[in-house]
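Reader: I would like a close look at a single part of this model, with its surroundings described carefully. Could you take me through one position and then through the aromatic rings?

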Amino acid sequence: MKIYLANQESKFNQQLDVLIAKNVMPYDKSYLTEKISQIEIKTTKDFDQINTDFFFNYHVFPENILSAKTQWDNEKRKMNVGDTIVQQVYLPPNRFLSQKLIFGVRISEIFTQKNKIGFSYETLEGHVEKGISTFTIEKLDSKIVF
């Protein structure tokens with residue numbers, strides 16, 4: 001993890017090069033605490049009609065909390081297992097009056113099922129957290145949930 005006062009977005013490509021070379025932080029799944037949050041996506045569309053480009057382009061956090069650069073965006077392609085993401089987190093959650101913490105994660109799984117899509121990533125060495133996060137959009141009963 002690196003901490004800055006100035007926004008580092010203009011240096012994301014260099015940060016990405018450094019993070020690609022880092023290893024996933026070792027962790028024991030039995031020690032991880034599972035937390036599940038859900039947000040209903042209000043739509044009249046069926047699950048298979050929803051545009052999920054934002055999701056697989058890693059636009060899942062509000063802009064005042066986190067900005068990011070993905071390896072697949074940098075290489076002008078779609079997300080793949082093994083891809084790295086540079087994360088810049090704002091503490092407190094404000095793009096301008098905050099400390100900027102830089103760390104990385106690596107895509108470990110991508111899944112597309114009939115009523116569920118998603119991806120998981122693991123934290124890289126130096127990340128403030130340790131473990132794995134999974135993001136999904138799925139149809140549960142008659143609702144579509146992120």
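Author: A residue counts as buried when its relative accessible area is under 20%, as exposed when that value is over 50%, and as partly exposed in between. In this predicted model, threonine 84 has a relative accessible area of 0%, and therefore it is buried. Threonine 84 lies in strand 3, which covers residues 84-91. Leaving aside residues up to four places away in sequence, threonine 84 touches Leu16, Leu19, Ile20, Lys69, Thr70, Gln71, Val105, Arg106 and Leu124. With one of these neighbours, arginine 106, the contact is also polar, the two side chains coming to 3.1 Å of each other.

Turning to the aromatic rings, the structure holds twelve aromatic pairs. One of them joins phenylalanine 54 and phenylalanine 55, whose ring centres are 6.2 Å apart with 65° between the planes, an edge-to-face arrangement. Phenylalanine 55 also pairs with phenylalanine 56, and because their planes stand at 80°, with the centres 5.1 Å apart, this pair is edge-to-face; the cut-off for that class is an angle over 60 degrees. As for exposure, phenylalanine 54 has a relative accessibility of 36% and so counts as partly exposed, whereas phenylalanine 55, at 0%, counts as buried. These three phenylalanines belong to a cluster linked by ring pairs, which includes Phe54, Phe55 and Phe56 together with Tyr58, Phe61, Phe119, Tyr121, Phe135 and Phe146.

Key. Residues are numbered from 1 along each chain as its sequence is written. This is a predicted model: local features need pLDDT of at least 70, side-chain atom pairs count only at pLDDT 80 or more; totals for chains, interfaces and linings use all residues. Side-chain values use heavy atoms; hydrogens and water are left out. Helices (H or I, at least four residues) and strands (E, at least two) are DSSP runs, numbered from the N terminus. Buried means under 20% relative accessible area, exposed over 50%, partly exposed in between (1.4 Å probe, protein chains only). A polar contact is a pair of N or O atoms within 3.5 Å; within protein, one must be able to donate a hydrogen and the other to accept it, and residues adjacent in sequence count only if both atoms are side-chain atoms. Contact means heavy atoms within 4.5 Å. Rings of Phe, Tyr and Trp (its six-membered ring) pair if their centres lie within 6.5 Å; planes under 30 degrees apart count as stacked, over 60 as edge-to-face and the rest as tilted.
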